[in-house]
Amino acid sequence: MQVTVTTLQSMAQQGQKIAMLTCYDATFAHVEDEAGVDVVLVGDSLGMVIQGHGSTLPVTLEDVEYHTRCVASKLQRAMLVTDLPFGSYQVSPQQAFASAARLMAAGAHMVKLEGGSHMVDTVRFLTERGIPVCAHLGLTPQFVNVFGGYKVQGRNEEAAERVKREALELQAAGAGLLVLEAIPAQLAAEVTAAMQTCPTIGIGAGVDCHGQVLVLQDMLDIFPGKKARFVKNFMQGQPSIQAAVARYVDEVKARQFPAAEHSY
């Protein structure tokens, strides 16, 4: 059965963990779908793991549109979310709609955008026009130059309160999912407890989120360079990539991942 926004809401309400994983091509789309991944994300992380850039900022709308078509061609069950890349939605809600419409036509079931209060009007504009939205708070990679690097967010009281306030604002605007990246586990737990209709997806944000997401290449331990704290090698000890992905799904569902050492 096709996973939808209402499926994810039901899973969250019933305490069933949501397993989300990035994907950029048809072959891995088939592998992830067969392994039971609930949500597949065509992330702008492709700028780093596919294109070799130092950040996600050079990724274009045409890039993610192409990879969305590739991934959509092989999915049977999983829900497909695609990132709106840097510069494709920040100017206005109208710009965001035009970009999102292209991604939906390419096969996406939902689009993801980064930002808090300043994106509330855009989220409302999109959802009122039939485009489901996944919001993203905490460490938002498109803001890397503002943050001065990839740093944990929400550590002090003021920053934590802002995350909680913005999460509620995005939910009220109609967001159907909320990624919480690199924030303290306790803060993520508090945000998750406050959500009524918008499940949370954590990455480096503790086990209490409604679900988890990782970059595929990180999960398989094939991306070169320094590994983030929230990364775990699921390929270790497994006979195949299919088994590694299935192990990731199983550990998310069983609340075994992330452990404390993968959280902030």
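Axes here are lines fitted to C-alpha atoms, for helices over the stretch in contact, and angles run from 0 to 180 degrees between N-to-C directions. Helices (H or I, at least four residues) and strands (E, at least two) are DSSP runs, numbered from the N terminus.

The model is predicted: local features need pLDDT of at least 70, side-chain atom pairs count only at pLDDT 80 or more, and totals for chains, interfaces and linings use all residues. Residues are numbered from 1 along each chain as its sequence is written, and side-chain values use heavy atoms, with hydrogens and water left out.

**Exercise 1. Describe how α8 and α9 pack.**

Step 1: Two packed helices are described by the angle between their axes and the distance between the axes. For α8 and α9 the angle is about 25° and the axes are 10 Å apart. The pair is therefore roughly parallel, the label for angles under 35 degrees (over 145 is roughly antiparallel, 65 to 115 roughly perpendicular and the rest oblique).

Step 2: Add the handedness. The crossing is right-handed, meaning that the near helix is turned clockwise from the far one by less than a right angle (anticlockwise would be left-handed).

Step 3: List the contacts (heavy atoms within 4.5 Å). A160, V163, K164, A167, L168 and Q171 of α8 touch L187, E190, V191 and A194 of α9. By class, these are 7 nonpolar, 1 polar and 2 charged residues. Ala, Val, Leu, Ile, Met, Phe, Trp, Tyr, Cys and Pro count as nonpolar, Asp, Glu, Lys and Arg as charged, and the others, Gly among them, as polar.

**Exercise 2. Find the buried residues of α9 and what covers them.**

Step 1: Look along residues 185–194 for L187, A188, A189, V191 and T192, which are buried (under 20% relative accessible area with a 1.4 Å probe, protein chains only; exposed is over 50%, partly exposed in between).

Step 2: Now look around them. Their cover includes α8 (157–172), β6 (177–181) and β7 (200–203).

**Exercise 3. Work out the surroundings of T22.**

Step 1: Locate T22 in strand β1 (residues 18–22). With a relative accessible area of 2%, T22 is buried.

Step 2: Follow its side chain. One polar contact joins the side chains of T22 and Y24 at 3.0 Å. The T22 side chain also reaches the backbone nitrogen of L216 at 2.8 Å. A polar contact is a pair of N or O atoms within 3.5 Å; within protein, one must be able to donate a hydrogen and the other to accept it, and residues adjacent in sequence count only if both atoms are side-chain atoms.

Step 3: Leave aside neighbours within four places in sequence, and T22 is in contact with E32, L41, S45, L214, V215, L216 and Q217.
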